[in-house]
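Visitor: Mind walking me through this one? I'll ask, you explain.

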Amino acid sequence: EKSQDCMYLQYCKVCQSYKAPRSHHCRKCNRCVMKMDHHCPWINNCCGYQNHASFTLFLLLAPLGCIHASFIFVMTMYTQLYNRISFGWSSVKIDMSAAKRDPRPIIPFGLSAFAASLFALGLALGTTIAVGMLFIIQMKVILTNKTSIESWIEEKAKDRIQYYQTGETFIFPYDMGSKWKNFKQVFTWSGIPEGDGLDWPVRDGCHQYSLTIEQLKQKADKRIRSVRYRAVEDYSGVCCPVTKGVKTFFTTPCTEEPRIALSKGDLILATRGLKHWMYGEKILDSAADGGIRERGWFPRKCVEKCQYDSETDQPVDGEKKNR
């Protein structure tokens, strides 16, 4: 509504509009999501402003249901096997034929039912542990009024300040200082979260665009730190390339972020990387604004560092620290 606010906001090239504070673009949903936490493949949707409470309750109720199922499986196997095990001096004998002789069980408990119950018990316990850990992670970010993405932004802010020794202090603007107040931002009796998803209450000393200003600083820092590489080998963009070495095959990044196909001679701006993989943006157009770029992972052995930096055309050695 205010044109002067554009200088504080990020612009989404896909949606062709400015992003509201705490909003992020989801590649899977192909839209910007208010207060986006992450995209969950299990619900085939993003977890954000409208459904953060519902998703967290799902993470709570799923382990509770699995605990209930585990109790049923354990008690079923115990009661069915109790009268079928005879203990000898040197061996234990299990008589599974008792299911045919004893007409009391509604469903005969044979060897196949025992194996199925044991397998289901393992799945229930595994789901309890895995989803329970996700619930704990979600509660940690909710009690600080953050999202998973904003926690990562805060870590990058600390890294940026330490890297440049600016002496500034980044204060997360949406943490109200009270876990109960932060909890009420997500969970309400009506089930409808507070606010409209655009304007948020902020703590003293901050304003609505404190986080977006930090994001813009990080994007500028990302362009400065990026290093220009040139592709020396073709890469098809597959997740686990067989022809790029055993170590590259087995150390593929465990992330939903895409891979980018490379042709010999392509230019890439690398922003981060692992030992055998790198993440960057492939330059597809040499327009004045940097051109249209395709982002993703690619094998490190497929590229070599260019002599000059991509953004400033200055020598890399002596100008930047190796990351």
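Visitor: Where does Gln 138 sit, and in which helix?
Guide: Quick note before that: this is a predicted model, where local features need pLDDT of at least 70, side-chain atom pairs count only at pLDDT 80 or more, and totals for chains, interfaces and linings use all residues. Numbering runs from 1 along each chain as its sequence is written, and side-chain values use heavy atoms, with hydrogens and water left out. Helices here are DSSP runs (H or I, at least four residues) and strands are E runs of at least two, numbered from the N terminus. The run spanning residues 111-143 holds Gln 138, and that is helix H3.

Visitor: Is Gln 138 buried or exposed?
Guide: The cut-offs are under 20% relative accessible area for buried, over 50% for exposed, and partly exposed in between (1.4 Å probe, protein chains only). Gln 138 has a relative accessible area of 5%, so the label is buried.

Visitor: Which residues does Gln 138 touch, beyond those up to four places away in sequence?
Guide: A contact means heavy atoms within 4.5 Å. By that rule, Gln 138 touches Asp 37, His 38, His 52, Phe 55, Thr 56, Leu 59 and Ser 148.

Visitor: Phe 55 is on that list; how is its ring arranged with that of Phe 58?
Guide: Rings of Phe, Tyr and Trp (its six-membered ring) pair if their centres lie within 6.5 Å; planes under 30 degrees apart are stacked, over 60 edge-to-face, and the rest tilted. Phe 55 and Phe 58 are 3 residues apart in helix H1, so about one helical turn separates them. Their centres are 6.2 Å apart with the planes at 45 degrees, so the pair is tilted.

Visitor: How many aromatic pairs does the structure hold, and how far apart in the chain are Tyr 8 and Tyr 209?
Guide: The pair count is 11. Tyr 8 and Tyr 209 form a stacked one, at 5.5 Å centre to centre and 15 degrees between the planes. Tyr 8 is in the segment before strand E1 (11-12), while Tyr 209 is in the loop between helix H5 (179-186) and helix H6 (210-225), so this pair links distant parts of the chain, 201 residues apart.

Visitor: Which strand forms a hairpin with E10?
Guide: Strands pair if DSSP finds at least two bridges between them. E10 (residues 267-273) is joined antiparallel to strand E9 (residues 227-231) by 4 bridges, and 5 bridges join E10 to another antiparallel strand, residues 277-283. With 3 residues between them, the hairpin partner of E10 is E11.
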